[in-house]
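Visitor: I've pulled this one up on my screen and I'd like to know what stands behind the labels. Can you take me through it?

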Amino acid sequence: MISLDHLPPPPPLGQVTAYENDGRLSAFSRTEALLAAKKWLSEERYIEVMVGQEPVRSAHSKQEARDAFYAHTETPWQRIMFAYYEDGWEAALQEAMRCEGEGRLQRTVSLTASVVVKISCFLKRLHSLLPSPVRVPGHSAGPLAFRGSSGSIMSVSWHPHTTTLAAVVCDDTVRIFVAGHSVAPFLKHRHQKAVTQAAWMPLSAGVLAIGCESGVQLWVLDPNSVVGRPSGSCATLLTHPAVTPVTSLSWHPKGNLLACVGGGGTRLVVWDVWREVAVVVHGGTGGTATQVVWSPDGSRLLVTYAGKIMRVFETHTWTYEQWGLESPVQSAVWSSRGHVLLFVTQGDPLLYHLTFAPGEGVGGSQVASQVADLTQVFVATQDGEEVSVGGAVRQLVWDPRSERLAVVFRDTECVALFHTHSHPTLHLAPGGFIRGEACQVPVSATFQQNLSSGAVLSVVWSSGQVTHIPMRYSSRDDHTTATPLHHHLHHHTSPLTSLPHSASLPHSGFFSEITLSPVTSPTSPITARMFASPT
């Protein structure tokens, strides 16, 4: 079993990982690393993720700018309601304060709104003096991570077909960055609070699902638009009481179905996004459902629970297999072919894997195998300094061809990188450690989706900085010679057409909730219980 001691040493303090070339990671100073990444990706296709404070400042200044260009004929009450619909209660209060001089009742409303705004500002200033918890991207079950005010970005999500990146910001906005475009639209809506995850719809040009406190905020964006703030009319709220708030969501590879869990319950809900129809696929027991992940081939769906179990559903008849765990799953990823599942638990720093046989049913192996020991150890850097690596895992990310696996840890500065191949059997080889600027801890990571060879790993650091690490290597699948990444990027940046609105879920009766019964129960620290639908 491979361990972190087998990996090449991390870069010395002060050096930043820049790229991988034929299996070897290289690191330079911050400026040199940035220039190298831009050169490898080509400057016109390199996305620099920067989030300033000005665009997210309050709506009343935007309302004043709108007032300068439009003559208002609506009543004060209509303006207040419009402000509330567009930007929420804070904007409505600001609009109410402008009612002064328009009648006795309006003056009373204005005075009341002014008092409420002052109290709100005082409470915000008081709250800013206290440390505030920040949600861990992609997983809500683990302990909260604390981060300074400079760390504005929580996670990023690459578009599956174009060089476009969505960044989830801790102010509950989502910024869209497109290679070659100077305008970075930001998505904001009054329903979009406590954002947990953002995921692009497969086979679509610009549909983005955002899991949040109110449900799923579904944005339909024009990829050719240059508008910096898309209208609220571009957003549709999908809400179901069983999974509100949404803690995790996952798209079917064809893009017509969206699986969600949340609401502190055990239910799994699948949405037909165009018809806005939701079906409770499974209720059951097992504690709060924490994460849902659809396999790349669409045949299986993983659901993890806080009650130390996980279930894998086959999505034809919705039967499932269940594995009992010693502690809840922290993070899990599917291989590109959907036949291997890697996961880590919150209780121990070990990487496990399950294999799934093709054919009807789930077909999962009954016992999970340990494939890597991620225990925290001290290793020497290239200049002899000892640093701590490993320990409790925050996130696993696997590239689209299952050739590079990145492991993000909770409390150490380095991301571990493994070289992998999953066919016909899983194999892990040492890759190295990815390091950011001094004293920066990785918060989340993701791989770019639209490359025909090689990989690009995007890492979000605790400072809010996002770095892109290009990786150039020969693929085991096609055995072709590696070529510069930007050559492949050029062929994958044209907009695609959205799925037709007629895409729909199968008849809802097919997904009706059923009672399942156990069949077997092998004994092991991590065991499977096979379940089948009653006849």
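Visitor: What is the accessible surface of the protein, and how much of it belongs to carbon and sulfur atoms?
Guide: About 23500 Å², with 56% belonging to carbon and sulfur atoms. Accessible areas come from the Shrake-Rupley method with a 1.4 Å probe, and for residues only the protein chains shown count as cover. Bear in mind that this is a predicted model, where local features need pLDDT of at least 70 and side-chain atom pairs count only at pLDDT 80 or more, while totals for chains, interfaces and linings use all residues. Residues are numbered from 1 along each chain as its sequence is written, and side-chain values use heavy atoms, leaving out hydrogens and water.

Visitor: How do you know what confidence the predictor has in the protein?
Guide: From pLDDT, the predictor's confidence in each residue, from 0 to 100. The protein has a mean of 79, and 74% of its residues reach 70 or more. Over residues 53-72 pLDDT stays under 50, and the model has 19 contacts there beyond four places in sequence; a contact means heavy atoms within 4.5 Å. Residues 127-150 are also below 50, with 46 contacts beyond near neighbours in sequence.

Visitor: Why is isoleucine 80 called buried?
Guide: Buried means under 20% relative accessible area, exposed means over 50%, and partly exposed is in between (1.4 Å probe, protein chains only). Isoleucine 80 has 12%, so buried is the word. This residue is in helix α3, residues 76-87. Its C-alpha is 6.1 Å from that of alanine 96, which is 16 residues away in sequence.

Visitor: And what makes isoleucine 119 buried or exposed?
Guide: Its relative accessible area is 47%, so it counts as partly exposed. Isoleucine 119 is in helix α5, residues 104-128. Together with Leu111 and Val115 it forms a nonpolar surface patch with about 280 Å² of accessible area.

Visitor: How many helices and strands are there?
Guide: 6 helices and 36 strands. Helices (H or I, at least four residues) and strands (E, at least two) are DSSP runs, numbered from the N terminus.

Visitor: What makes β28 a largely enclosed strand?
Guide: Of its 6 residues, 393-398, 6 are buried, so the rest of the structure largely encloses this strand.

Visitor: How do you know which way β28 and β29 pair?
Guide: Two strands pair if DSSP finds at least two bridges between them. β28 and β29 (404-409) have 5, in the antiparallel sense. One of the partnerships is valine 397 with alanine 406 in β29. The two strands form a hairpin with 5 residues between them, and serine 402 in the turn has a positive phi of about 60°.

Visitor: What does serine 422 touch?
Guide: Leaving aside residues up to four places away in sequence, serine 422 touches Ser335, His339, Val340, Trp398 and Ser402. Serine 422 is in the loop between β30 (414-421) and β31 (427-435). With a relative accessible area of 5%, it is therefore buried.

Visitor: Why are β6 and β9 called edge strands?
Guide: Each pairs on one side only. The open sheet has 4 strands in the order β6-β7-β8-β9, with antiparallel pairing. Within it, 5 bridges join β7 (164-169) to β8 (174-178), and leucine 165 stands opposite phenylalanine 177 in β8.

Technical notes. Patches are made of residues with over 30% relative accessible area and no salt bridge: like charges are joined within 9 Å, nonpolar side chains (Val, Leu, Ile, Met, Phe, Trp, Tyr) within 5 Å. A salt bridge is a side-chain nitrogen of Lys or Arg within 4 Å of a carboxyl oxygen of Asp or Glu.
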